[in-house]
Structures are given as structure tokens and as C-alpha cells.
Amino acid sequence: MEPLVEPPNLVIIAGHEAEDSQHSYVEEEKVGFLNWINIRLRDDSFLNSNRNFFTKYIPVSEEGDGLFNSLKDGILLSKLMNDSVPGTVDERALNYPKTRPLNYFMMLENQNVVLNSCTAIGCRIVNIRPEDMADGVKHLQLAVLWQVIRAGLVHNLTLKKHPGLKKLLLEGETLAKFVSRSPEEILVRWVNYQLRRVCEGKHIKNFYKDISDGVAYTYLLTAIAPSETDLLPLREVNLEDRMDMILEYAENLGVCNFVTSKDIIKGSPKLNTAFVAQLFNMYPALDSCDQEAQIDDFDDEAEVYIEETREEKSYRHWLNSFNFNPYVSYLYEDLRDGHLLLRVFDVLKKGVVDWDRVNKPPFESRLHVFKSIENCNYCIELGIQLKIKLVGIAGLNIYEGNKLLLSLLWQMMRHYTLGLMKHGDKEIGEEEVVSWCNKRLQVDK
């Protein structure tokens, strides 16, 4: 049966940067995000406190601009971020309403904390300013909100947390290549892996059209929780009734019920991704392979690829803060051809890269190694030119994914950060930064 997919309910809003510009957002997504907030933060003592006379946080109202107004001061987003990835925001750094509502400058300070923290947990914040959030620019607020929700849902989608994910590797695919995949790609593979167990020939390619008839979800639930679910929803001819049964099963499994039947039928990619991510987090159903087989199959490269350190994550987030395409998912795989590093060097010093010397991917397979190493060697040359300290590192080390890459990234990040702190034509060094910090500490005592 081919479902009749309704178009999303688009809300058109006037652009904030020009009178004749327009933007839009999907009403179903707004309601879904709002319900997620109300469910996840309903037990927060501050948000539910009676002393918040000037701002009613929880529950967020579905009426009018209730959601957008609640996001303006940054407090709700900070709370949600700590719910998604605990410890991301130091809430002591936030301004809170006390005897009067927060003024605009206090709201901007909070939004600065929010956006910086978003970048720290891997959210892609593209051309969004604190002013956009405090002014209530709706489509940008929803963009940040989705990134925060998504970060929490896919936080545990790693080989360290779930070694059984190795079952999802394609033939000939390396672990390095696998971990560079987006969470959405991995979730699609997980769904197809479960579908193969219970329904040969059934598979999906996306989280919109391919799931809108509910068949894939019905089989998925029976695969991951066979004792609590069954195939009865498939007997329902009416799609909405079928989806209601699926969501009832999911709720009985402990899944937060913020997705509606119409969201599935309309094929909302974000809401369906969130729904599947919840199912994975609660019922990964990848534990059937024994531990000995897991260790043997990972062999030596498991030590390299199974866990991302805090240092590696920091560098990856820094690189992604430049909003380059493609997105960096795994340092050692995504930087091998040197091209993205060269783009970063061009940010460090505009015009330093001679692009006529750069090999631009994709490369022919027979030339891939040579052209990649040429780019990597050029990176080392530029590093020396910018007086970056590079000891014992060559272009080949970058191509091979050697840990020495981290020393190059540290020096590039340091060069970039100190460059931001220039006072006129005067360059600021580490000594000045340490001196400033000590003075501030003396003042605060």
C-alpha cells in the first residue's frame, strides 16, 4: 500500500535581515521539540519554581510564540543542553531573573554561553549570533534547538558505548570509515540490520518516505522487543490507526511519546530520526555477538578507532566551527587528503595558500595516495611558514592518520586563538593572557 504523504505544515515568516526576505519552519517540528522540552525538563526544580515570577518556563505553552519567547534568555536552552550532554554548561555562569526580568545585555551574555557550548558538543551553528537568539528569530532558534536535541540523542551512538555496532560495517569497510559516517546514516543501517532479522527484503533508505506507511517501524519493534510487541499494527488499513498502535507500543517500551501519528505519516525527517534514536538508545539489540568475537574482529585498529579522546573531540569541534563542507566526523579519516587542513591555513592567514598548488578532491583511485600526500606535505610547509612548531611530523604522518596530527592541530588552534586576541597591530602572547587571568583573579577575590 503506497501511503498518501501529506506535505509539511510550513509557517512562513518575514526575514529579519531584509524587508523582502522570507523564511519558514515546520509547525510539526516546533510542536515536537516543544513536547520534548516539556517531557525532559518537567522535573527541573528551577524551571518549575514558583519564584520565577517574570518568566514561566515549564510547561512551555503551545499557544502563539510561547516556545520562541521561552528561548530568548538562554536559560531553557542551557538546561536542555545539560540534559542532552551533562556538564556542558556551567550554570553558575548564567544570568537569572531575580527581582526583575533579564535585560537585553544579560540575555546576550547567556546566549553567548549557549552558542559556545553548542559548538563544544558538536552542534553545527551556521551564521547564528546571540542577537538572533535573543531577538527571537524563529527559524534560527529552532535550528539551534534541534541541534541540541540531536546531540543528546546520538551522544551514545559510538563504538565505545556499543561495540556491537561493528555488525553494521559493509563488506570491505574499515572502522575508520564507519565512524566517520553521520549518526543518521548509522541509524538507517541499524534499522536495516534489524529488519533483515525479521523481514527479509525489507529495507529503508531514509526517515521520511520509507517509513511513512509504518511497516518498517512495526517490524523494527518486533525485532528489538519481540516479547512486548507484535505485527498487529499491519492489520490496520487506516494509517493513522496503525501509527497510533505503533506509538502505543513504543510508549510501553519507555520511549518519550512526543512524535505523533501524523508526524510519521508526513515523514518528518527530524522527528523520525529522534524517534529511532530513542529506540536505539533503549533497545540496541546488538548484544548477540559474544565479547571474544568482538575483540578479535576489531584487531589492532580497534585501539585507534573505537574511542575518541577529549582532545580529539575538541579539535574536531574547532574544525567544524568553520562550517566547512564536508563536516569532520573523524579526524584521522577526514583529514587524510590534506584539503580541509589547507582551508584552515587559509583562515589562519588569508592568502597564504597558493591554491594552484593544491590538489582538489575527489581523486582518481590510482592517484589518491600521491595527491593526498602532496597536499599534506604542503600543510607542513605552510605550518613552518607561519612559524608553527612542528617537530618530527611529515605529510605522510597526516595521511596515515598518525597521532602526530594532534600536535599540528594544537599549534594551528593556538595560532588561531592568539590571532583573535590582537590589540590593534600588537600581537598578544601567552604571557599577556596569563597576566590578564591573574589580574582578574585578584579583582574577584
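In the predicted model, A285 is placed in the loop between α12 (269–282) and α13 (291–298), where this residue adopts a positive phi of about 50° although it is not a glycine. A relative accessible area of 23% makes A285 partly exposed, because that value lies between the 20% under which a residue counts as buried and the 50% over which it counts as exposed. A second non-glycine residue with a positive phi is K387, for which the angle is about 65°. K387 is found in the loop between α18 and α19 (395–399), and, with a relative accessible area of 76%, K387 is exposed. Most residues other than glycine have a negative phi, and most peptide bonds are trans.

Cis peptide bonds were found at two proline positions, one of them joining I58 and P59 with omega of about -5°, and the other joining P361 and P362 with omega of about 5°. P59 lies in the loop between α1 (27–40) and α2 (66–70), whereas P362 belongs to the loop between α17 (339–348) and α18.

Helix α18 comprises residues 368–385 and includes Q385. Q385 is partly exposed, its relative accessible area being 48%, so that the value falls short of the 50% that an exposed residue must exceed. Although Q385 and V352 are separated by 33 residues in sequence, their C-alpha atoms are 8.9 Å apart in space.

Helix α4 was examined along its length and at both ends. The 17 residues of this helix (residues 104–120) should span 24 Å at 1.5 Å a residue, and the end C-alpha atoms of α4 are 24 Å apart, so the expected and computed values agree. At the start of α4, a side-chain oxygen of N103 comes to within 3.1 Å of the backbone nitrogen of F105, while just after the helix G122 takes a positive phi of about 90°.

The buried residues of α4 are M107, L108, N110, Q111, V114, L115, S117 and C118. An α-helix has 3.6 residues a turn, so residues three or four places apart point the same way. Among the elements that cover the buried residues of α4 are α3 (75–84), α5 (130–134) and α6 (138–153).

How values were computed:
Residues numbered from 1 in each chain as written. Predicted model: local features only at pLDDT ≥ 70, side-chain atom pairs only at ≥ 80, totals over all residues. Heavy atoms only, no water. Helix = DSSP H or I, 4+ residues; strand = E, 2+ residues; numbered from the N terminus. Expected span 1.5 Å × (residues − 1). Buried < 20%, exposed > 50% of the residue type's maximum accessible area, 1.4 Å probe, protein only. Contact = heavy atoms within 4.5 Å. Polar contact = N/O pair within 3.5 Å; in protein donor to acceptor, adjacent residues only side chain to side chain.
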